[in-house]
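Please examine the structure shown below together with its sequence. The briefing that follows is arranged by topic.

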Amino acid sequence: MADATYYVDEDVGQDIDTQPGDQSLPYKTLGFAVLTRGEDAKFMARKSLTGEVAEGADASARLEWKPAAKAAMKKAVNFAKAQKKKAGKEQEQLALRTKEEADRKKVLDDSKKIILEEDTSLPEAIKIKLDDTDSAKIKLGNGSDVKGTRVRVFGRVHRERRQKERMFITLRDGYGFMQVILSGPLAKTYDALTLTRETSMEILGQLMQVPEGAHAPNGRELHADYFKIHAGWKAAGGEDAITNRVSKDTEKATLLDLRHLTLRGETASKIMIVRDAVEFAFNTVYKELRMRKVSPPALVQTQVEGGSTLFKLGYYHEEAYLTQSSQLYLETCLPSMGDVYCIEKSFRAEKSLTRRHLAEYSHVEAELDFITFNDLLDHLEHVMCRVLEVTMADPTIKQYITELNPEFKMPERPFMRMKYQDAIDWLVEHEILNDEEEGKPPRPHKFGDDIAEAAERKMTDIINRPIFLTHFPAAIKSFYMMKDKDDPRVTESVDCLMPGVGEIVGGSMRIFDYEELMAAYAREDIEPGPYYWYTDQRKYGSSPHGGYGLGLERFLAWLCDQHTVRDCCLYPRYFGRCKP
Ligand code: 4AD
């Protein structure tokens, strides 16, 4: 109503639609009043509690209504206009959305009527894996005169993209990726329109070269003529879609809880595939060296690497441990099998959360008979380099390693050999301090220190090449290590250090003299009883022998440039994590 008057009290008014806007129930803001009543009405305003009072007047002057000021009116009118415009837009958008939803529903309803039938007049499709490029059986069509081989592939939707009348799918089967194009009625089916990532599919079609300038795995794309999503093959969508459960921004702990899903990601799956190749390469290289593989027990009653990291468990009516290393068992195989190795799990109840410690890890261990310490170092260098050669000889694995670790270079031989004493001197020279003593300030390293992880890594990163660190003091090493004849303070022991990771191998010559071994048990407070079978090796034809253990996850962290060993095993186990 043009001549009606409305009231605004900025202190006690209320901006609600049911407000009459009269003197007893005024509005709170002029903007809202104008929006509700129109700019032609009259507006009176006041601030009944906080309004300014002229000098000499009393507080009741605040109760006086005054016509709204011109500037305030202008602002309020603009506000009302903007609000109206916004409301109009929202309405428009709502209408648009409603229409779109109706259209989509219609498209989906129509799509359900499209039933795909395989064209049986087409050549028979041959079943291939997605990385199969065998030119003897697969020909790529070129879009004009050459027809492509008709193939049948299976896999999961890694990515999908819609483009007008066509749909592009990147299919994944663990062997490789393939670009697939659905067009015509195929792209209009209900399954295509509602396709979710990770859905399993069976697709038939012709393999064609990708058009010039375009890129796709193996330079080819599958022009589908038929596809099928079998009952139960569809992956969850909406809220539950895999992209909502794992993404780049998901927290690390959640990613680990959802490891079964993160394993489908490109990085995780590449590492696992490289891992398979590396394990295979170790087997190959050990076979080349005529070494025999054995499988020692995981449930044991002896320790190898100190009591503090033993996992104890009840074993029927006795106590047992999860093995820390298969070394002692490997030693018992030498007399009858020659040089031996194993790739088994080792367990360490490590209470620290470092990036290179696991509670359960894969341990590549070998034991060699009738050797010298130098033979051991030469053998180790050969095995590590040859494993890399065999691994890199597979073009797919080489490509994965290059993608994961673009800086990777084959290590130069011979590896640097550095005595423990020289490492201590190096740390002192480079002012890398020992800050591991509880309650004591950092100090320069000295002989007898167990070089801590951080100091060791700093040194390895600065030297930036593989190092064989040798001759550790007996006091900081395990009971079974052979002492150096020329310096009985130290042992014939070796750690192999790699840039970025630190220690990946620990090895040594073993005490082969009966009396010396008994003395070593005593020194380390080990009750010799349970070790009778190990001690017996020194009674029945002892020999100079030695061996080593290599942490597979650490080797992989170095090879694939991963920050932590946790990303180099299938389902990592470490302090505080035993799932999934
Ligand atoms: O140096 P370690 O403790 O040596 C042994 O167990 C010997 N008995 C092996 C032998 O001579 N047969 O461990 C050997 C290697 C380490 O260099 C490291 O790579 C790996 O095993 N390792 C671990 N990897 C992951 N998590 C842990 N908690 C590890 N502890 C050792």
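In this predicted model, the protein contains 16 helices and 22 strands. Its radius of gyration is 37 Å, whereas the globule rule gives 25 Å for 580 residues, so the protein is more spread out than a compact globule. The C-alpha trace spans about 120 × 90 × 55 Å along the principal axes of the protein.

**Where the ligand sits**

- The largest pocket is the space taken by the ligand.
- A shell of 23 residues surrounds the ligand.
- The closest residues to the ligand are Glu-305, Gln-327, Glu-365, Glu-503 and Ile-504.
- By character, the shell is made up of seven nonpolar, eight polar and eight charged residues.
- Three strands each supply at least two residues of this shell: strand E15 (360-369), strand E21 (502-509) and strand E22 (545-551).

**Polar contacts of the ligand with the backbone**

- At Val-505, a polar backbone atom is 3.3 Å from an oxygen atom of the ligand.
- At Gly-506, a polar backbone atom is 3.4 Å from an oxygen atom of the ligand.
- At Tyr-548, the partner is a nitrogen atom of the ligand, which is 3.2 Å from a polar backbone atom of that residue.
- The ligand taken alone exposes 620 Å², and the protein buries 94% of that area.

**Cis peptide bonds**

- Arg-413 and Pro-414 are joined by a cis peptide bond with an omega of about -5°.
- Pro-414 belongs to the loop that runs between helix H11 (395-404) and strand E16 (416-419).
- Lys-579 and Pro-580 are also joined by a cis peptide bond, and here omega is about -10°.
- Pro-580 is located in the segment after helix H16 (552-559).

**A residue with positive phi**

- Which residue has a positive phi although it is not a glycine? This residue is Phe-370, with a phi of about 50°.
- Where does Phe-370 lie? Phe-370 is in the loop between strand E15 and helix H10 (373-392).
- Strand E15, at one end of that loop, is also one of the strands that supply at least two residues of the shell around the ligand.

Technical notes
Residues numbered from 1 in each chain as written. Predicted model: local features only at pLDDT ≥ 70, side-chain atom pairs only at ≥ 80, totals over all residues. Heavy atoms only, no water. Near = heavy atom within 4 Å. Polar contact = N/O pair within 3.5 Å; in protein donor to acceptor, adjacent residues only side chain to side chain. Areas by Shrake-Rupley, 256 points an atom, 1.4 Å probe, with all protein chains shown as cover. 1 Å grid on protein atoms, 1.4 Å probe; cavity = no way out; pocket = protein on both sides within 12 Å on 5 of 7 lines; lining within 4 Å. Sits in = over half its atoms within 2 Å of the grid points. Helix = DSSP H or I, 4+ residues; strand = E, 2+ residues; numbered from the N terminus. Nonpolar A, V, L, I, M, F, W, Y, C, P; charged D, E, K, R; others polar. Rg over C-alpha atoms; globule rule 2.2 N^0.38 Å.
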